[in-house]
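Hi everyone, thanks for coming along. Please take a moment to look at the sequence and the model on the screen, and then I'll walk you through a few spots.

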Amino acid sequence: MQDIDQKASSSLFEQGFINEEQLNEIKSYRARNIFSLNAELKLFLYLSVTLFTTGIGLLIYDNIDTIGHSILLALVLILMFVCYYFSFKKAPKFEKTKTEFESPVMEYIVLTANLLTCIFIGYLQVQYTAFGTHYGLVTIIPTVIGLFSTFYFDNKNVLSLSITGLAAYIGLTVTPQSILQNEIYTTTALSFAALAFGAVLLAWNFYCKKANFKTHFSFVYLTFAQHLIGISCLNNLIYQENYLLFVPVLAAVTYYFYHLSYTLKSISLFIFTLIYGFVGFNICFFTIIDEIDLDEFWEFLLVLSPLYTIGMLWLFVQMIKNFNTEIKK
């Protein structure tokens, strides 16, 4: 790795991008072998927040009969307000562009505050039925608070939590069991809701770019939109009689994210674009063959299936290699 860095520095010097003094400073800095623990520390902070809020939930569950509902709710509420107090106290002035706390720890204090909000409102509804039969309020209230916290405190973690809350509010949930049983969107209405929600996220991302409003959240919007639209299209291709109507939708989305991944130089967007496009193509291809009902052709495909699979895997790897080559230019 050091040899690669030295060659890169020498190349910049030879091309005239840096002078000899700057080259020597770079070599001197690298000789000190300083490395950053920023990512590791943030990971531990995230784990600590997750473990802390999980511990609060377990505390409520295990001691519900001994401590009492009112005391537990009061404790959660106090912790929640303490977190919000320090968040507002340390928050930088609101800006349309990216802002940051002086200490990265505060980002996780904001996340903790929003998770405690979800716990408090959920517990309030389960135990006291505070919102009656309006169960959607249990989801939408912490989601609205989360969206406010997202933009005011400039927090990507809370943004992901809030988008998940909006998806849950319209009835979209994904669990490992639902994926294994093909029950992600069990009704046509939910499938179309996922498609519409993904389109809304794309539209909101477009607006934010035009208005120059928190544009650094763009990748979060695009990631959620890609999966919502992609899974919805695949679901409709499999379970809908008019599946051909969703072929142009999936084709357009695949084309859009294919070019966008090159623009943003995002390997994750590119890989999932290939996956959704590949799966969608195969669903359409085999569905059409099945409707034609060519038994002999099925036997021919069965013989060629190993070669077809190997060929597609080879093409997949080559496209990723080409992508990495292109984005490095």
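Let me begin with a word I'll need right away: a contact, or a touch, means heavy atoms within 4.5 Å. Please keep in mind that this is a predicted model, where local features need pLDDT of at least 70, side-chain atom pairs count only at pLDDT 80 or more, and totals for chains, interfaces and linings use all residues. Residues are numbered from 1 along each chain as its sequence is written, and side-chain values use heavy atoms, with hydrogens and water left out.

So, which residues does Q125 touch, not counting residues up to four places away in sequence? They are A130, F131, G132, Y135 and V138. Q125 itself sits in helix α6, residues 105-128. Helices here are DSSP runs of H or I with at least four residues, strands are runs of E with at least two, and both are numbered from the N terminus.

Is Q125 buried or exposed? Buried means under 20% relative accessible area, exposed means over 50%, and partly exposed is in between, using a 1.4 Å probe and protein chains only. Q125 counts as buried because its relative accessible area is 8%.

Just past that helix, look at T129, in the loop between α6 and α7. T129 is not a glycine, yet its phi is positive, about 50°. T129 has 44% relative accessibility, so it counts as partly exposed.

That loop brings us to helix α7, residues 136-153. Its 18 residues reach 25 Å from first C-alpha to last, close to the 26 Å expected at 1.5 Å a residue; that expected span is 1.5 Å times one less than the number of residues. The buried residues of α7 are V138, I140, P142, T143, G146, S149, T150, F151 and F153. V138 is also one of the residues that Q125 touches. After α7 comes D154, with a positive phi near 55°.

Now let's step back to the whole chain. How many helices and strands does the chain have? There are 14 helices and 0 strands. Of its 329 residues, 31% count as buried. Among contacts with a separation of 6 or more, 66% are between residues 24 or more positions apart.

Next, is there any empty space inside? A cavity is a set of points on a 1 Å grid over the protein atoms alone where a 1.4 Å probe fits but cannot get out, and lining residues have an atom within 4 Å of a point. A search of the whole structure finds 1 cavity of 30 Å³ or more. Its volume is about 40 Å³, where volume means the space filled by probe spheres set on the points, joined across faces, edges and corners. The lining consists of Q226, G230, V253, T254, F257, F272, T273 and Y276. The elements giving two or more residues to that lining are α11 (218-239), α12 (247-264) and α13 (267-292).

Finally, find K265, in the loop between α12 and α13. K265 has a positive phi near 55°, and K265 is a residue other than glycine. With a relative accessible area of 48%, K265 is partly exposed.

That's my tour, and I'm happy to take questions!

Note on methods: 1 Å grid on protein atoms, 1.4 Å probe; cavity = no way out; pocket = protein on both sides within 12 Å on 5 of 7 lines; lining within 4 Å.
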